[in-house]
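Here is a quick tour of a structure for someone who likes to think in distances and angles. Have the viewer open as you read.

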Amino acid sequence: MTKHTSKLPEEKKKQLCALLGDVDLTLLYKASVHGYNGAAFHKLCDHQGPTLLVAYNNSGYIFGGYTSKDYTQSGQYVTDKEAFLFYYQGQIPVCIKINSGQYARIDDSVWPTFGQQLHFCYNNQPTLYNQGGNAFTINTALMYGNNTNLTECEVFKIEKMSQASVEEKPWRNIAWKDERREELVKSIKNYKPMASSVNRARILMIGPVGAGKSSFFNSINSIFMGRMTNKAMAGTSGTSLTTQFRTYPVKDGREGKPLPFVLCDTMGLEEQTGAGLDIEDISSIIQGLIPDRYQFNPMVPFHPDEQKSSRPSSLQQKIHCVVYMIDSTKISLMSSKLEEKLAAIRKKVNSLSVPQIVLMTKVDEACPLVEEDLQNVYVSSYIKSKVQEVSSRLGVPVSCVLPVKNYSQELELNLSCDLLLLTAVQQMLNFAEDYLDDAADANVA
């Protein structure tokens, strides 16, 4: 069988593979070779399992659709909650999921039609036909530039790469026991900053929109409150839900005293210029110049009052540790622009001598083995590879990358989840102490 070459650029192929959960794409069908013909399509694509259709038009748009169900020419309407359409916004594939209660397609003998709405290779021609409908919410200008003339149409078989491989022994040791949880809780409660002028370590959380910064605070707060809390606004919006600089103290129970650390939340990072948190704002936060509840303006960085900025902030007001939140499911999807932005931030933070750590969130969503049991996180070869990838792409030591799972849909606390979260907080306090120790040495010198 002749092997044909896909028109899909390698970088975009990698992004699609990551979107689908780290898979391999095998080219089954290429319209320019096999013909814009429904019969030829079904001959090569029926009974192949999950498939991805990728279309190209003469305006340079790349778009298409995914179905997890076989093509069988059964003539039946197909329900497929996993089905989606996609297009590219820059280098990043944007996913349009099937609307609730809608059929994904009809399993007939012609070319694929998603939602009885978007007909690819309509009437066996290199043409796209948008019939309209409710199955998918489509912006045709964004998806394909309102250009229905196709130059190519390819169909790929989706083959899942194994994410369930297990290491012979854990690549990190952790005692999954109640006693260890109590040790960590006690250690965190009893932490006392070395510098006498500082009563609480200030930890700054930075990360892309949706990485889980606010959810991390809610999770830590839940552990020490002994119940689920939702004090910081968290969700799944495409733009940052956090628009202010917020400092969140954590209390030891409802009537308890504040614990010896403060989590500082910021606006999410976005790859576009003039959107999300500005690098200069991060510098001002770290130096203790931005007040609590300051409203960010992505177009205009914070400018401190000249009289106030001429006096250095106290050690108590400064940031003592910076934490980057990275979504485990989107590591391979990280755009070069966002990577460059993170590198610029790390350079700025390094210049201020503040220690940095990375939390890899949503590890349960990234690996089926971990979703099955969170205690598999340190025997999962896949999570280990993602930790190494984050280390390489962000330029931090592997030892500074910690996998965690925030509380999101749970109603009760969980030992395994608590242990990963508390271990992360303990490491942050250790790093903050290193910073305060260096600051004390500098003052002595």
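## Around helix α12

At the start of α12, the backbone nitrogen of Y382 has a side-chain oxygen of S380 within 3.3 Å. Keep in mind that this is a predicted model.

Does the length of α12 (residues 381-394) agree or disagree with what its residue count suggests? It agrees: at 1.5 Å a residue, the 14 residues should span 20 Å, and the end C-alpha atoms are indeed 20 Å apart.

The helix has a buried set made up of S381, Y382, I383, K386, V387, V390, S391 and L394. So Y382 turns up twice here, once as the residue whose backbone nitrogen S380 reaches and once on the buried list, where buried means under 20% relative accessible area. What do these buried residues pack against? The partners are the strands β16 (321-327), β17 (356-361) and β18 (401-403), along with the helices α9 (336-351), α10 (363-366) and α11 (368-372). After α12 comes G395, with a positive phi near 75 degrees.

## The seven-stranded sheet

Three of those packing partners, β16, β17 and β18, also belong to an open sheet of seven strands. Its order is β15-β13-β14-β12-β16-β17-β18, with mixed pairing. Which strands sit at the edges? They are β15 and β18, each of which pairs on one side only.

Start from the β15 end. Strand β13 (residues 244-251) and β15 (residues 294-295) are antiparallel and share two bridges; F245 has Y294 of β15 as its bridge partner. On to β14 (residues 258-265): β13 pairs with this strand in the antiparallel sense too, over five bridges, and P249 has V262 of β14 as its bridge partner. β13 and β14 make a hairpin with six residues between them, and G253 in the turn has a positive phi of about 85 degrees.

The next step is where the direction changes over to parallel: β12 (residues 201-206) and β14 run parallel, joined by four bridges. Here I203 has L263 of β14 as its bridge partner.

## Aromatic pairs

Now for the rings. The structure holds 13 aromatic pairs, and two of them are set out below.

| Pair | Centre to centre | Angle between planes | Arrangement |
|---|---|---|---|
| F41 and Y71 | 5.1 Å | 80 degrees | edge-to-face |
| Y77 and Y103 | 5.1 Å | 35 degrees | tilted |

The F41 and Y71 pair bridges distant parts of the chain: F41 is in helix α3 (residues 38-45), Y71 is in the loop between β3 (62-67) and β4 (77-78), and they are 30 residues apart. Are these two rings' residues buried or exposed? F41 is buried at a relative accessible area of 0%, and Y71 is buried at 4%.

The Y77 and Y103 pair also links distant parts of the chain, with Y77 in strand β4 and Y103 in the loop between β6 (92-97) and β7 (105-106), 26 residues apart. Y77 is partly exposed, at 48% relative accessible area, and Y103 is partly exposed as well, at 45%.

F41 and Y71 also belong to one aromatic cluster together with Y29 and W111.

## Helix α1 and a lysine over a ring

K12 lies over the face of Y88, 5.0 Å from the ring centre. This lysine is one of the buried residues of helix α1 (residues 10-19), alongside Q15, L16, C17 and A18. The elements covering the buried residues of α1 include β1 (23-30), β2 (51-57), β3, β5 (84-89) and β6. α1 is followed by G21, which has a positive phi near 95 degrees.

## A buried glutamate

E152 is found in strand β11 (residues 150-160). With a relative accessible area of 4%, E152 is buried. What does its side chain find in the way of polar partners? A polar atom of the E152 side chain lies 3.3 Å from the backbone nitrogen of A31, and the side chain also makes a polar contact with the side chain of S32, at 2.4 Å. Setting aside neighbours within four places in sequence, the contacts of E152 are K7, K30, A31, S32, Y36, V54, A55 and Y56.

Notes
Residues numbered from 1 in each chain as written. Predicted model: local features only at pLDDT ≥ 70, side-chain atom pairs only at ≥ 80, totals over all residues. Heavy atoms only, no water. Phe/Tyr/Trp six-rings, centres within 6.5 Å; stacked < 30°, edge-to-face > 60°. Buried < 20%, exposed > 50% of the residue type's maximum accessible area, 1.4 Å probe, protein only. Lys NZ or Arg CZ within 6 Å of the ring centre and 35° of its normal. Pairing = 2+ DSSP bridges. Contact = heavy atoms within 4.5 Å. Expected span 1.5 Å × (residues − 1). Polar contact = N/O pair within 3.5 Å; in protein donor to acceptor, adjacent residues only side chain to side chain.
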